[in-house]
Amino acid sequence: MPERGPSSRHLLGIEGLTAEQIVPFLDLAESYALLSRSRTAPRDALRGRTVINLFYEDSTRTRTSFELAGKRLGADVINMSVATSSVNKGETLLDTAATLNAMRCDLLVIRHAQSGAPALLSQKVEACVVNAGDGTHEHPTQALLDALTIRRHFGRLNGLTVAICGDVGHSRVARSNIHLLTAMGSTVRLVGPPTLVPSTIAELGNVELYSDMDRALVGADVVMSLRLQRERMGAGLVPSAREYFRFFGLDRRRLSLASPHALVMHPGPMNRGVEIASDVADSDQSVISEQVEMGVAVRMAVLDRLSRLRMHS
């Protein structure tokens with residue numbers, strides 16, 4: 001089984017982590033957020049370390065923020081382009097693992113379409129492995145940056161009500177957030193059409209399921225819209241984008257049902273007019289840009305913390 005717990009040198013998921021294991025990542029990320037804003041980030045924390053970004057799926061925000069995080073900490077960062085790599089010549093993930101092991105990199109960040117690929121890689125390489133999203137399984141650093149963004153505004157996570165809306169069934173972001181937020185004492189509401197919010201999702205944690213968007217948003221402290229992942233969907237799960245927005249799109253009227261100080265979040269990329277109205281996405285309650293900023297701070301904290309654990313393992 002992959003390593004888990006506070007002494008693990010990998011970050012493969014949030015599932016199984018306790019609040020005591022999550023908070024140190026958030027605290028360190030908070031300090032990096034403050035340092036980044038003052039442009040005094042320590043550029044020697046990972047000096048002499050090598051970070052390889054191995055992305056088998058397209059990504060802009062996640063890959064770029066991991067690259068920025070590594071460089072701000074002084075690491076040598078290598079972005080491997082899978083489209084032009086030996087993978088397209090038939091090389092398996094285990095063959096790639098053997099090659100990367102021979103390169104003796106220190107930290108390996110991987111995004112893969114298959115759930116469990118990072119866990120498999122972690123068993124075959126000496127480097128610290130960070131899951132940057134695997135299939136429909138988990139996206140741990142996204143959940144950490146979401147939690148940090150929320151905590152910066154409310155000063156806590158315990159006792160808050162977070163409504164996660166939309167394509168929950170295909171979302172690794174939703175899964176990681178469910179694990180993290182429930183571990184930290186938040187109430188999580190999941191809402192969307194039954195085809196996109198399967199009842200089995202309740203097995204992930206103590207969550208409340210809704211099929212009525214208005215009911216789900218009443219009194220919510222945070223409203224998180226999710227992207228419709230059409231690339232992972234079968235036919236017929238959503239009648240049309242217009243119909244979807246009519247029943248599950250976040251607009252001004254629906255947002256008014258939430259707490260007056262509710263935060264609006266979205267992991268990106270957004271489909272404006274499908275999951276969220278433009279005037280809501282760009283409103284004063286929106287912290288979507290701050291999520292991107294916190295993403296760099298969180299990934300700095302993850303790379304730093306795992307590197308330290310590797311040194312002492």
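**Figure 1. Salt bridges across the predicted model.** Counting Lys or Arg side-chain nitrogens within 4 Å of an Asp or Glu carboxyl oxygen, the total comes to 15 salt bridges. Keep in mind that this is a predicted model. The idea behind the pairs is simple: side chains of opposite charge can pair when their charged atoms come close.

**Figure 2. Close-up of D27 and R151.** Here the two side chains meet in a salt bridge, at 3.0 Å from N to O. D27 sits in helix α1 (residues 19-37) and R151 in helix α5 (residues 140-154), so this pair ties together parts that are 124 residues apart in sequence. As for D27, its relative accessible area is 39%, so it counts as partly exposed.

**Figure 3. Close-up of E293 and R37.** We're back at helix α1, this time at R37, with E293 coming from helix α11 (residues 288-311). Their side chains form a salt bridge at 2.6 Å, N to O, and because the partners are 256 residues apart in sequence, the bridge ties together parts far along the chain from each other. Both ends are partly exposed: E293 has 31% relative accessibility, and R37 has 49%.

**Figure 4. Close-up of E243 and R246 within one helix.** This pair stays inside helix α8 (residues 241-248), with the two residues 3 apart, about one turn of the helix. The closest N and O atoms of their salt bridge are 4.0 Å apart. E243 is partly exposed at 30%, while R246, at 55% relative accessibility, counts as exposed.

**Figure 5. A small network.** E30, R152 and E290 are joined into one network by salt bridges that share partners.

Notes. Residues are numbered from 1 along each chain as its sequence is written. This is a predicted model: local features need pLDDT of at least 70, side-chain atom pairs count only at pLDDT 80 or more; totals for chains, interfaces and linings use all residues. Side-chain values use heavy atoms; hydrogens and water are left out. Helices (H or I, at least four residues) and strands (E, at least two) are DSSP runs, numbered from the N terminus. Buried means under 20% relative accessible area, exposed over 50%, partly exposed in between (1.4 Å probe, protein chains only).
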